[in-house]
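Colleague: Before I set up any calculation on this protein, could we go through its overall build, its domains and the surroundings of the ligand?

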Amino acid sequence: MNNSNLSFWERDSYLNRDFIVIGGGIIGLSTAISIRERAPNASILVLERGLFPSGASTKNAGFACFGSLTEILSDYERIGEAATLEVIERRWHGLHILRNRLGDQAIGFEQYGGYELLFDEQASAIEHIDHVNSLLHPLFQRDVFSVNPTAIEQFGLNADLVNSVVENPFEGQIHTGKMMQALTRYASERGIEIRTGAKVVHLSDTGSRVEVTCRHEGESVNFSATHVAVCTNALIPDLLPELSIKPGRGQVLITAPIENLRIKGAFHFDEGFYYFRNVGDRVLFGGGRNLDFEGEETSEFGLTPNIQDTLEQLLTSVILPDTPFNIEQRWAGIMGFSTTKMPVVTRVSERITVGFGCNGMGVALGSEIGSTAAAMCCA
Ligand SMILES: Cc1cc2nc3c(=O)[nH]c(=O)nc-3n(C[C@H](O)[C@H](O)[C@H](O)COP(=O)(O)OP(=O)(O)OC[C@H]3O[C@@H](n4cnc5c(N)ncnc54)[C@H](O)[C@@H]3O)c2cc1C
């Protein structure tokens, strides 16, 4: 039943908004905040299905990154140099929006640098460093990538397996939970209403407004807005089946605290398919989606022995070869991938805008996509 038992007051005060944003992840909240910056007096409502954001934004590894060397080289192959550079610039810009908006302390931002491990098979990537640096120079004003000859020893990595380490001083890391809490607080303080436990099941542009049907505890409630932004990441096709976005599950583990831990910074290998970092004196390690692309193309949370065992083996053999550790926790989150590997902000009708396509790098890109989506909503 729709709105059947709503009071006069509820209908009068709760249902109609200038803007509704569906999805309370980093893109959804950033879109709502950027709309507020453009429309100071507008009423803005965020509808989030989870008790708190329940996709990728509270599950991620917290790398404030814009692409490792081998990832950038792989992107050159897939989408060309110009598109690769464009997306790096948008990530870098997005990261600045996030840091300026919330402040480094509130998001637990630390800049220990980024490091990419190259095994023998990838060592030839080093030959391309000068070229990549020259392309990135206009954005960063100095070299981004260089071989660090002491890193293997410094971080206690397995010297028999790791051929070399490429350093990127611009990379940082955040506390994902603090960042999302700070973003939620920032939005609330600016009069953005956030409703959780509010799963949107249908939306339609009627020609004058957008009707948004939400399910909560078995009841349907119909909201309406002059403009709607859909920011539900991998689940966008549930509401807009015409859009193509593929889910990709990311599995992660974290160790218990390790005495005298030498790992410090944000590390990647294998074109970004594996990533690890320190969280205080713990190691967080994730990835391995490339071991089973088909199986991991799912929007179901869950862990698989194949990937978890591989993560554990790599932790023992490559990352902490001389250090005993215990694994304290494991989890998964769901990423969304655009077919072009580019972010997508588009209108699907006059009053419905969609923003997605962080492609596994939403910490940096999320605020930029939100800003672009807000501009489209308000145009
Ligand atoms: C394990 C893992 C590690 C990662 N590590 C990093 C990293 O280190 N650095 C980095 O930059 N990126 C990382 N990412 C990617 C990053 O988290 C994402 O790119 C980013 O969070 C995407 O933000 P989003 O707002 O588009 O999506 P989401 O965070 O998924 O937000 C979408 C929201 O929409 C809600 N929703 C869905 N359907 C509905 C509906 N019908 N009605 C209402 N609400 C709905 C969901 O509950 C969800 O909260 C990682 C991702 C994962 C899974």
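The exchange below moves from the whole chain to the domains and then to the ligand.

Colleague: How many helices and strands are there in the protein?

Modeller: Please keep in mind that this is a predicted model. The secondary structure of the protein comprises 12 helices and 18 strands.

Colleague: What is the radius of gyration of the protein, and how does that value stand against the globule rule?

Modeller: The C-alpha trace spans about 70 × 45 × 40 Å along its principal axes, and buried residues make up 45% of the 379 residues. For 379 residues the globule rule gives 21 Å, and the protein's own value is close to that, so the protein is as compact as a globular protein of that length. The radius of gyration is 21 Å.

Colleague: What percentage of the contacts in the protein with a separation of 6 or more is accounted for by residues 24 or more positions apart?

Modeller: A contact here requires C-beta atoms, placed from the backbone, within 7 Å. Among the contacts with a separation of 6 or more, the share that falls to residues 24 or more positions apart is 72%.

Colleague: Which element supplies the largest share of the side of domain 1 that touches domain 2?

Modeller: Domain 1 is made up of 1-109 + 172-243 + 342-379, and domain 2 of 110-171 + 245-338, with 27 Å between their centres, taken over C-alpha atoms. Across the boundary, 37 residues of domain 1 are in contact with 34 residues of domain 2. On the domain 1 side, at least two residues each come from β3 (63-64), α3 (69-79), α4 (81-102), β7 (172-173) and α9 (236-239). The largest share, 6 residues, belongs to α3.

Colleague: How many nonpolar, polar and charged residues does that side of domain 1 have?

Modeller: Sorted by class, the side of domain 1 that touches domain 2 contains 21 nonpolar, 12 polar and 4 charged residues.

Colleague: Which element gives the largest share of the shell around the ligand?

Modeller: The shell draws at least three residues from each of domain 1 and domain 2, and by class it has 21 nonpolar, 18 polar and 5 charged residues. Of the 44 residues around the ligand, those that come nearest are Gly-25, Gly-55, Gly-250, Gly-333 and Gly-362. Two or more residues are given by each of α2 (26-38), β9 (199-205), α9, β12 (245-255), β16 (327-338) and α12 (362-378). With 4 residues, the largest share comes from α12.

Definitions and conventions:
Residues are numbered from 1 along each chain as its sequence is written. This is a predicted model: local features need pLDDT of at least 70, side-chain atom pairs count only at pLDDT 80 or more; totals for chains, interfaces and linings use all residues. Domain bounds come from an automatic or database domain assignment. Two residues are in contact if their C-beta atoms, placed from the backbone, lie within 7 Å. Ala, Val, Leu, Ile, Met, Phe, Trp, Tyr, Cys and Pro count as nonpolar, Asp, Glu, Lys and Arg as charged, and the others, Gly among them, as polar. A residue is near a molecule or strand if its C-beta atom, placed from the backbone, lies within 6 Å of it. The radius of gyration is taken over C-alpha atoms; the globule rule is 2.2 Å times the number of residues to the power 0.38. A residue is buried if 20 or more other C-beta atoms lie within 10 Å of its own, exposed if 12 or fewer, and partly exposed in between; C-beta atoms are placed from the backbone.
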